[in-house]
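Q: Could you take me through the salt bridges of this protein, one pair at a time? I would like to know how open to the surroundings each partner is.

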Amino acid sequence: MALLAYLAIAAPGRFHRRDSLIALFWPEREERRARDLLNTNLSRLRAALGGDAILRRGPDEVAVNPDRLWCDAGAFDRAVAEHRSEDAVNLYGGALLDGFHIHDAPQFDYWLDVERRRLRAAAAGAALDCADRMRVTGDVLGARSYCERALAISHSSEADLRRALSLLDAIGDRAAALEIYGSWTRRIRDEHGSCPSPETVALAARLRGPALAIHDGVRTEPERQFSRLASAS
């Protein structure tokens, strides 16, 4: 499964050298044994998917046949590249191979972690692009929905949070922006023991206007920090 995922996602349609696959999946194995393992796994994939699902180019290169195998990650990347943001958001179903792990292949784990973060960031960006389109058309509920989706995907990205707050402010829904800010702040405090940066706190304070740093009559810790910073400056 790991081999199939890598061939389908890492530069789909591109041929990969057998040596590079061996180094990725069996770095500690003796070369002959590693080549036998690679051949065995490729044979299993052909048996499961069809003989033409895995292509060869000479004795040393293999690739997934894109005409025989559809991959949601590849379709997602194409949607992002073609600025089909709504399609991209719909295609993103969560973290890539969530919970998947194989033993003794640290380079594969590293590649998988990088891909997870890349796809997550792209999906959150696509959701915010959709929110921006809703802003242009005046669809307040749609903009809020996509902002919430973006922040659920990106989870702890302050850059995405600030973009979402600014979008909702531009469409005139400051109440939603402040509600989202409050929820996000409580979550990162509870889950990570951290608080927003002064830049993010300042944006929230601007959205509140005259009620600077007052939320339900009580200042939150991030806002107290912002007030101290403001006083010090």
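A: Let's begin with a term: a residue counts as buried under 20% relative accessible area, as exposed over 50%, and as partly exposed in between. Keep in mind that this is a predicted model.

With that scale, look at Arg 84, which is partly exposed because its relative accessibility is 31%. Its side chain meets that of Glu 82 in a salt bridge, at 2.8 Å from N to O. Glu 82 is partly exposed too, with a value of 47%.

Now move to Arg 144 and Glu 179, whose side chains form a salt bridge of 3.1 Å, N to O. Arg 144 sits in helix H7 (residues 140-154) and Glu 179 in helix H9 (residues 174-192), so this pair ties together parts that are 35 residues apart in sequence. On our scale Arg 144 is partly exposed, at 22%, and Glu 179 is partly exposed as well, at 46%.

A third pair is Arg 17 with Asp 19, where the salt bridge spans 3.8 Å from N to O. Arg 17 has a relative accessible area of 40%, so the label is again partly exposed; Asp 19, at 37%, gets that label too. Here you can follow the chain of partners further: Arg 17, Asp 19, Glu 31 and Arg 35 are linked in a network of salt bridges.

How many salt bridges are there in the whole structure? A search finds 19, including the pair Arg 144 and Glu 179. Disulfides, on the other hand, number zero.

Conventions. Residues numbered from 1 in each chain as written. Predicted model: local features only at pLDDT ≥ 70, side-chain atom pairs only at ≥ 80, totals over all residues. Heavy atoms only, no water. Disulfide = S-S within 2.5 Å. Salt bridge = Lys/Arg side-chain N within 4 Å of Asp/Glu carboxyl O. Buried < 20%, exposed > 50% of the residue type's maximum accessible area, 1.4 Å probe, protein only. Helix = DSSP H or I, 4+ residues; strand = E, 2+ residues; numbered from the N terminus.
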